[in-house]
Amino acid sequence: MHALVVERAENLFPGSRGKGLQPRTLEVFDDLGVGDAVREASAHAPIEQIWQGGRPVGEHDMLGDAGVGGPTDTEPHPRARLLPQWRTQEILFERLTGLGGPVRFGAALTGFDQDADGVSAYLSDGRTLRAAYLVAADGGRSTVRKALDIGMTGETVDPAPMVVADVRLRPGALDREHWHLFPGPDGAFAALCPLPGTDEHQFVARTEDLDIPAAVAALTHLGAQDVIGVRWASDGVRWASDGVRWASDFRPRAAMADRFRAGRVLLAGDAAHVHSPAGGQGLNTGVQDAYNLGWKLGQVLRHGAAPALLDTYEQERRPAAAHVLGLSTRIHRGQEERGDATRQLGLGYRGGPLSEGAAGALEAGDRAPDGPLPDGRRLFDLFRGPQFTLLAVGTDAELPPVSADFLRVHRIGPYEPYGKGLFLVRPDGYVGWAGEDATGLARYLARLARPGSPTTAG
């Protein structure tokens, strides 16, 4: 089994757009083997500095991290980090290709057909691909979603257009220790956020009278600062002569696809849901989609699980996406502050189709906490990889014979964040099944695969 990534563009995405990485996403990246690279390239978000009349007048914690302490045993990454989206993509691309995963650039999807056995995808380079499933991660204007005639139900979050760009300022224009905000009248603003690992800032502007086509065009020329935003800032804030590397525009909207699956075609990321960038949830929610769907495709294609397992993708992710849409909209409109909810550590699947049982301090569907082990490893080290992990915590409960080559078993001593019991941790780090003894475990595992090779014990 292998997957092919098909990308219409000739290269990776060039802009910084989704620059905020939430704590839960940092945990996902650690599981995927890119945690160290992401942490080295990124930085915690700086405090926001507010400007009026050409001078700073106050500070504000943009991401709501001010009350968040340092790493703990259960939460190794408590605070969000900033990393330009282009760099995040580079790191993931390097990891994917290093594992032998192919990516085909310059090949747009022009059409597809599906039948009972698979999907035929037609590419702009003249090739036809045959695959078991097609995952559409082709953005808010998804070609695949439109071809399936799946509607997007939602609302306009803000009628005013916005522009975003990666810019390099003239030396000394602004310090790089702050996220600079220049408020204007009637909700208009301009903001400049330093981008870690670069000499650039991400520029964002909103105003009711913004002429988007003219603004984006102007951003490619010296003097663009006189067109957008900087009329509220210091006269000293100027782009360098070649200071605009990338620019785009958008209108904040919250909408969700009416369904995430049509036969052998599934929607993920912005193809399935779009929302305001307020709160830094977009890229992160797309990562969670892929994390959820990826292991389920693996169980079906590699371990023989019934294709109905893929129905649980929509059943779990649509409620999660609806929560994020509502949260982002409230933050955009000033009805809620960024904070614990935006960190995504509290999102889970309690009551979902793959959540069964409870034990100790946890209920099925909860995020499985991290923790230290006597040999110097951590629980997240045990969970890392595409397998399930059966964790016996503070108990000598007998385990039934299990034949499943996708399962590892570990016993540890008492650990308060779990309490006493048996916990089956899914490949995406959530508790799927829990119990004080093994009653019901074999039946649960039978949903996930055909009987396979002997269980791997740790």
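How many helices and strands are there in the protein chain? Colour the model by secondary structure and you can count nine helices and 28 strands. Keep in mind as you look around that this is a predicted model.

**The whole chain**

Start with everything selected. The protein chain has 458 residues, and 51% of them count as buried. Switch on the surface next: about 20200 Å² is exposed, with carbon and sulfur atoms supplying 50% of that area. If you display contacts with a separation of 6 or more, 69% of them join residues 24 or more positions apart.

**Strand S13**

Now select residues 162-169, which form strand S13. Seven of its eight residues are buried, so the strand is largely enclosed by the rest of the structure. Add residues 201-206 to your selection to bring in strand S16, which runs antiparallel to S13 and is joined to it by six bridges. For a landmark on this pair, label Val167 and look across to His201 in S16, which stands opposite.

**Arg145**

For the last stop, select residues 143-147, helix H4, and pick out Arg145 within it. Does this arginine sit buried or exposed? Arg145 is buried, yet it has no salt bridge. Draw a distance to Asp138, the nearest side chain of opposite charge, and you will find it 6.4 Å away; a salt bridge would need the charged atoms within 4 Å.

Then show what surrounds Arg145. Leaving aside neighbours within four places in sequence, its contacts include Gly139, Gly140, Ile150 and Met152. Also in contact with Arg145 are Ala257, Leu267, Asp270 and Ala271.

Notes:
Residues are numbered from 1 along each chain as its sequence is written. This is a predicted model: local features need pLDDT of at least 70, side-chain atom pairs count only at pLDDT 80 or more; totals for chains, interfaces and linings use all residues. Side-chain values use heavy atoms; hydrogens and water are left out. Helices (H or I, at least four residues) and strands (E, at least two) are DSSP runs, numbered from the N terminus. Buried means under 20% relative accessible area, exposed over 50%, partly exposed in between (1.4 Å probe, protein chains only). Contact means heavy atoms within 4.5 Å. Accessible areas come from the Shrake-Rupley method with a 1.4 Å probe; for residues, only the protein chains shown count as cover. Two strands pair if DSSP finds at least two bridges between them. Lys and Arg count as positive and Asp and Glu as negative; His and the chain ends are not counted.
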